[in-house]
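Student: I keep meeting words like "buried" and "stacked" when I read about proteins. Can we go through one example and check where such words come from?

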Amino acid sequence: MKVLMINGSSNNKGCTAQALEIVAGVFKEEGIDSEIIHLGAEAYHDCTGCGLCRTKLNGKCVYDDVVNVLIEKAKSSDGFIFSSPVYYAHPSGRLLSVLDRAFFAGGKYFAHKRGSSVVSARRAGTTASLDVINKYFMINQMP
C-alpha cells in the first residue's frame, strides 16, 4: 500500500508539514509506504477548463508542473492525504489550484481510492477548509 500526501503550505517546515511527518511516521511503523509532496512557495496556474488534458494530452495538464507529477504518482497510489494551512478561513489557493487541475485532468487515477484531509489553523476556518478539500473526495467517490 502507498499513500501520497500533499502539503499545500508554502512553508515546507511549518505546522502542516510537521503534521504530515507525524502521519508518515505512523505509516512507516505500520509498513505502509508514503511520500510527501511539498507544493512550496511556487505559484500554480488555476484550471482554465481548456479541455486539452482530455482531448489531446491523454490526462496530462497543459501547464507542465507538479500537477502532472501528482497525476503520474496517483496512478500507483492507494490513498491520499491533502493538507493545508488555513488562510483567511479557507485552504491555500495553491493547493486548490493544484487539486482542481489534477482532478480535472486525471480524476480517474484518484477515483474510488482512500482520501483524507488535514488542516492547520490558529483561528477559525478549519471546518470550512476541511469541507472544501473533502469535496474532491466526494466528487470522485473516494471513501
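Student: Where is the place of Y88?

Tutor: Y88 is in the loop between β3 (79-87) and β4 (90-91). Keep in mind as we go that this is a predicted model.

Student: What makes Y88 count as exposed?

Tutor: Its relative accessible area is 81%. The word "exposed" needs over 50%, so Y88 is exposed. Something else to look at there: Y88 has a positive phi of about 50 degrees, although it is not a glycine.

Student: Which other residue, not a glycine, has a positive phi, near 65 degrees?

Tutor: That's H112. You'll find H112 in the loop between α4 (93-106) and β5 (114-120).

Student: Is H112 buried or exposed, and how do you know?

Tutor: Use the cut-off again. H112 has a relative accessible area of 55%, and exposed means over 50%, so H112 is called exposed.

Student: Okay, let's zoom out. How many helices and strands does the protein chain have?

Tutor: There are 5 helices and 5 strands. Walk along the sequence and the pattern reads β-α-β-α-α-β-β-α-β-α.

Student: How do you know whether the radius of gyration agrees with that of a compact globule?

Tutor: Set the chain's value against the expected one. For 143 residues, a compact globule would have a radius of gyration near 15 Å, and the protein chain has 14 Å, so the two agree. The C-alpha trace spans about 40 × 35 × 25 Å along its principal axes.

Student: How much of the chain counts as buried?

Tutor: 45% of the 143 residues. On the outside, the chain exposes about 7,700 Å², and carbon and sulfur atoms supply 53% of that.

Student: What share of the contacts with a separation of 6 or more comes from residues 24 or more positions apart?

Tutor: They account for 77% of those contacts.

Student: Now for the rings. Why is the pair F82 and F137 called stacked?

Tutor: In general, you describe a pair of aromatic rings by the distance of the centres and the angle of the planes. The structure holds 7 aromatic pairs. In the one you picked, the ring centres of F82 and F137 are 5.3 Å apart and the planes are at 10 degrees. To pair at all, centres must lie within 6.5 Å, and stacked needs planes under 30 degrees apart. Both values pass, so F82 and F137 are a stacked pair. This pair links distant parts of the chain: F82 is in strand β3 and F137 in helix α5 (residues 126-139), 55 residues apart.

Student: Are F82 and F137 buried or exposed?

Tutor: Buried means under 20%. F82 has a relative accessible area of 0%, so F82 is buried. F137 is at 3%, so F137 counts as buried too. These two also belong to one aromatic cluster, formed by F80, F82, F103, F110, Y136 and F137.

Student: What makes D100 "partly exposed"?

Tutor: D100 sits at 35% relative accessibility. Under 20% would be buried and over 50% exposed, so D100, in between, counts as partly exposed. D100 is found in helix α4. Leaving out residues up to four places away in sequence, D100 touches C47 and Y136.

Student: And why does N140 count as buried?

Tutor: N140 has 14% relative accessibility, so with a limit of under 20% it counts as buried. N140 is in the segment after α5. Beyond its neighbours within four places in sequence, N140 is in contact with F103, G107, A111 and H112. You've met H112 already, as the exposed residue at 55%.

Student: What about G51, buried or exposed?

Tutor: G51 has a relative accessible area of 14%, so G51 is buried. Look for G51 in the loop between β2 (33-38) and α2 (52-55).

Student: One last thing. Which residues of helix α3 are buried, and what do they pack against?

Tutor: In helix α3 (residues 66-74), the buried residues are V66, V67, N68, L70, I71 and A74. They pack against β1 (2-7), β2, β3 and α4.

Technical notes:
Residues numbered from 1 in each chain as written. Predicted model: local features only at pLDDT ≥ 70, side-chain atom pairs only at ≥ 80, totals over all residues. Heavy atoms only, no water. Helix = DSSP H or I, 4+ residues; strand = E, 2+ residues; numbered from the N terminus. Rg over C-alpha atoms; globule rule 2.2 N^0.38 Å. Buried < 20%, exposed > 50% of the residue type's maximum accessible area, 1.4 Å probe, protein only. Contact = heavy atoms within 4.5 Å. Areas by Shrake-Rupley, 256 points an atom, 1.4 Å probe, with all protein chains shown as cover. Phe/Tyr/Trp six-rings, centres within 6.5 Å; stacked < 30°, edge-to-face > 60°.
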